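The exercises below ask you to read a protein model step by step. Try each task with the sequence and the structure in view before you turn to its solution.

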Amino acid sequence: MQPTQTSNPDYFHKVVDCQWACPAHTPVPEYIRLIGQGRYSDAYMINWVSNVFPGILGRTCDRPCEPACRRSRVEENNGEKPEPVAICRLKRVAADHKDDIRHRMPSIGSANGKKIACIGAGPASLTVARDLAPLGYDITIFDANEKAGGFIRSQIPKFRLPEEVIDEETGYILNLGVRLVPNHNVKSMNQLLRQGFDAVFVGSGAPRGRNLDIPGRLEGAANIHIGIDWLSSVSFGHTTKIGKKVLVLGGGNTAMDCCRSSIRLGGTDVKVVVRSGFEEMKASPWEKEDALHEGIPILNFHVPKSFDVQAGKLNGMTFEKVHAVFDSKGRRSLVPIGEADVYIECDDVLLAVGQENAFNWIERDCGITFDEWGLPVLNKQTMQCSLPQVFFGGDSAFGPKNIITAVAHGHEAAVSIDLFLNDRQVVARPGPQVNLMSQKMGIHEWSYHNDVSDSSRFKVPWTKAEKALASIKVEVELGFDAATAFKEAQRCLNCDVQTVFTPQTCIECDACIDICPMDCLTMTYNSDEAELRQKLTAPAVNLTQDLYVSDLLKSSRVMVKDEDVCLHCGLCAERCPTGAWDMQKFLLNTAKASTQSYDLADQTSSAGIS
């Protein structure tokens with residue numbers, strides 16, 4: 001293998017598994033350390049620069065960072081399924097415990113004469129506005145609702161996300177001089193383009209819930225509701241009750257919100273019915289757990305056949321029982337098991353079987369090309385469509401995803417818009433800001449604490465069930481207190497403190513290999529990657545993580561490290577008699593359109609590590 005090129009920012013970035021997995025690439029270990037030090041406002045600003053909505057995402061994020069967390073790979077003694085660091089819930093700690101941070105927000109830039117329209121006031125559009133307003137752009141956001149937030153406000157129940165949190169974090173962006181035009185549906189792209197905007201960002205989401213066209217659907221329409229529309233009606237107070245017996249069809253997060261909302265609006269017999277198996281459901285594992293915790297059964301492998309409607313009244317539904325069969329290529333089919341159909345009584349049905357984009361307001365002669373699925377044809381990096389001044393992001397770009405993906409799209413689109421309006425190549429993306437700094441303070445003294453906590457993941461306290469289930473507005477999760485947050489923060493392995501090796505000073509004494517608690521270091525003769533992975537002290541079997549391979553040592557061998565299981569404990573560097581190993585903190589901030597984002601991040605990154 002060739003020596004590892006650590007000068008490539010992606011190398012150490014990939015080693016910080018949580019940051020690598022986050023669509024917005026939030027510097028997770030950095031803000032967790034700040035929480036451990038009680039520096040909540042600094043931790044909040046690290047998040048705000050990157051993911052824009054720390055309080056919102058600390059309650060609702062899909063948490064792609066947590067399955068990637070190294071902690072759940074290397075932990076050995078805490079049960080069959082060791083759990084990752086509670087990254088998402090620690091994000092909420094920063095939001096809940098911070099001081100007033102309004103004075104730390106960027107100032108409004110001098111007007112540059114460029115006007116930008118954002119369609120929809122959801123997370124993608126708000127991110128675009130956050131990045132571009134400080135540069136002097138005149139930002140106007142059009143939204144069909146009275147307040148900003150998009151589906152964050154209209155579809156996420158208040159028992160998961162209180163409205164005051166949405167008001168606060170959307171307010172930080174609107175206070176940058178961004179103009180919100182509420183209660184305004186944009187009905188024509190051609191008309192909008194004639195209004196003199198220099199660029200347009202489409203962040204209108206996927207606002208149309210999929211229907212279920214089976215017998216009885218039209219006859220029972222009064223009691224069969226599209227899930228996202230029903231959630232929106234509940235959110236805005238138009239719907240305040242539901243029947244006693246409720247069926248929720250679908251296995252995604254929207255279905256989980258529908259069933260949990262139903263029991264708070266009077267449903268006493270609420271069931272979720274899914275075509276697939278429990279493990280195949282698209283809902284996040286914790287969303288399913290929360291529903292089950294509240295006593296809501298989930299019936300799997302039931303395919304809906306018909307609604308039973310008599311004299312205009314919905315009485316129940318009929319389902320066919322199936323099981324999954326896989327062909328030689330791994331493709332799944334649902335095959336009837338041959339048992340009698342299942343009949344389930346119900347008063348109301350909520351359809352949460354998927355969402356679709358709705359671009360009926362974009363004329364097909366305006367210059368925007370759409371694919372066969374009705375989605376805009378985009379450059380996935382720049383978010384630019386075939387009409388150069390128009391950009392897309394969030395669910396309207398590639399279909400329904402989640403908040404953090406919408407934020408990531410917004411950042412990329414903002415960079416593109418800034419480049420485009422300054423007559424520069426949109427594909428010429430600015431690189432990230434990277435810092436690699438030694439943590440050595442003396443011969444055997446480091447600026448970070450290298451004891452690995454053996455604690456299991458701490459549980460977030462809940463409001464008592466009798467109170468939580470009595471109101472749609474009582475928040476269920478209470479968040480960590482400061483003491484528990486400190487203990488959970490100690491579970492982080494500081495994966496951004498990298499082991500950096502200097503072969504010229506190595507005397508090949510094997511001290512680092514002897515002391516490594518994970519057997520991830522080996523000195524051996526070089527070979528191709530497949531062979532080298534098997535020659536290590538402990539074979540490196542996770543092909544998704546790289547091997548760290550040094551230049552030749554004096555013996556013509558190489559030092560090899562399996563990045564997958566390293567604890568970043570620093571014992572190798574502490575033990576090395578010549579200082580060949582060093583522990584260096586790696587900090588990566590992805591490029592944002594607003595240069596002030598870097599200044600905000602730099603304000604919070606000067607402290608030592610604990």
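**Exercise 1: Confidence**

The residues 596-604 have a pLDDT that stays under 50, and the model has 27 contacts for them beyond four places in sequence. Bearing in mind that this is a predicted model, find what pLDDT the chain averages, and decide how such a stretch should be read.

*Solution.* Begin with the whole chain, which averages a pLDDT of 92, with 96% of the residues scoring at least 70. Next, look for further stretches under 50: residues 606-610 also stay under that value, and the model has 20 contacts for them beyond four places in sequence. Finally, apply the general rule that predicted coordinates should not be read in detail where pLDDT is low.

**Exercise 2: Two helix pairs**

Describe how helix H3 (residues 28-36) packs with helix H8 (residues 87-97), and then how helix H4 (residues 40-51) crosses helix H17 (residues 403-421).

*Solution.* Two packed helices are described by the angle between their axes and the distance between the axes, and these are the values to look for in each pair.

For H3 and H8, the angle is about 50° and the axes lie 10 Å apart. An angle of this size is neither under 35 degrees nor within 65 to 115, and that makes H3 oblique to H8. The crossing in which H3 passes H8 is left-handed. Turning to the residues, Val28, Tyr31, Ile32 and Ile35 on the H3 side meet Ile87, Leu90, Lys91, Val93 and Ala94 on the H8 side. Sorted by class, the residues of this contact are eight nonpolar, no polar and one charged.

For H4 and H17, the axes come within 9 Å and cross at roughly 70°. Since the range from 65 to 115 degrees counts as roughly perpendicular, H4 and H17 are therefore roughly perpendicular to each other. The contact joins Val49, Ser50 and Asn51 of H4 to Ile404, Val407 and His411 of H17. By class, there are three nonpolar, three polar and no charged residues in the contact of H4 with H17.

**Exercise 3: Helices and their surroundings**

Work out why helix H13 (residues 227-235) can be called largely enclosed by the rest of the structure, and find what the buried residues of helix H15 (residues 285-293) pack against.

*Solution.* First, count the buried residues of H13: eight of its nine residues are buried, so H13 is largely enclosed by the rest of the structure. The buried residues of H13 are Gly227, Ile228, Trp230, Leu231, Ser232, Ser233, Val234 and Ser235. Next, look at what surrounds them, for the partners of these buried residues include helix H10 (151-154), helix H14 (253-264) and strand E14 (348-351). Then follow the chain onward to Gly237, which comes just after H13 and takes a positive phi of about 80°.

In H15, the buried residues are Trp286, Glu287, Lys288, Asp290 and Ala291, and the buried residues of H15 pack against H14. After H15 comes Gly295, with a positive phi near 80°.

**Exercise 4: Positive phi outside glycine**

Find where His25 lies and where Ala311 lies, and state for each whether the residue is buried, partly exposed or exposed.

*Solution.* Start with His25, which is not a glycine and yet has a positive phi near 55°. His25 sits in the loop between helix H2 (17-21) and H3, and with a relative accessibility of 23% His25 counts as partly exposed. Continue with Ala311, a residue other than glycine whose phi is positive and near 55°. Ala311 belongs to the loop between strand E10 (302-310) and strand E11 (313-326), and with a relative accessible area of 87% Ala311 is exposed.

**Exercise 5: Partners far along the chain**

Which residues does Val246 contact, leaving aside neighbours within four places in sequence, and which does Trp361 touch, not counting residues up to four places away?

*Solution.* Val246 lies in strand E7 (residues 245-249) and counts as buried at 1% relative accessibility. The contacts of Val246 are Ser262, Asp269, Val270, Lys271, Asp348 and Leu350. Although Val246 and Leu350 are 104 residues apart along the chain, their C-alpha atoms are separated by 7.6 Å.

Trp361 lies in the loop between E15 and strand E16 (390-392), and with a relative accessible area of 9% Trp361 is buried. Trp361 touches Ile119, Val186, Lys187, Ser188, Met189, Val202 and Ser204. The C-alpha atoms of Trp361 and Val186, which are 175 residues apart along the chain, are separated by 7.2 Å.

Methods
Residues are numbered from 1 along each chain as its sequence is written. This is a predicted model: local features need pLDDT of at least 70, side-chain atom pairs count only at pLDDT 80 or more; totals for chains, interfaces and linings use all residues. Side-chain values use heavy atoms; hydrogens and water are left out. Axes are lines fitted to C-alpha atoms, for helices over the stretch in contact, and angles run from 0 to 180 degrees between N-to-C directions. Helices (H or I, at least four residues) and strands (E, at least two) are DSSP runs, numbered from the N terminus. Angles under 35 degrees count as roughly parallel, over 145 as roughly antiparallel, 65 to 115 as roughly perpendicular and the rest as oblique. A crossing is left-handed if the near helix is turned anticlockwise from the far one by less than a right angle, and right-handed if clockwise. Contact means heavy atoms within 4.5 Å. Ala, Val, Leu, Ile, Met, Phe, Trp, Tyr, Cys and Pro count as nonpolar, Asp, Glu, Lys and Arg as charged, and the others, Gly among them, as polar. pLDDT is the predictor's confidence in each residue, from 0 to 100. Buried means under 20% relative accessible area, exposed over 50%, partly exposed in between (1.4 Å probe, protein chains only).
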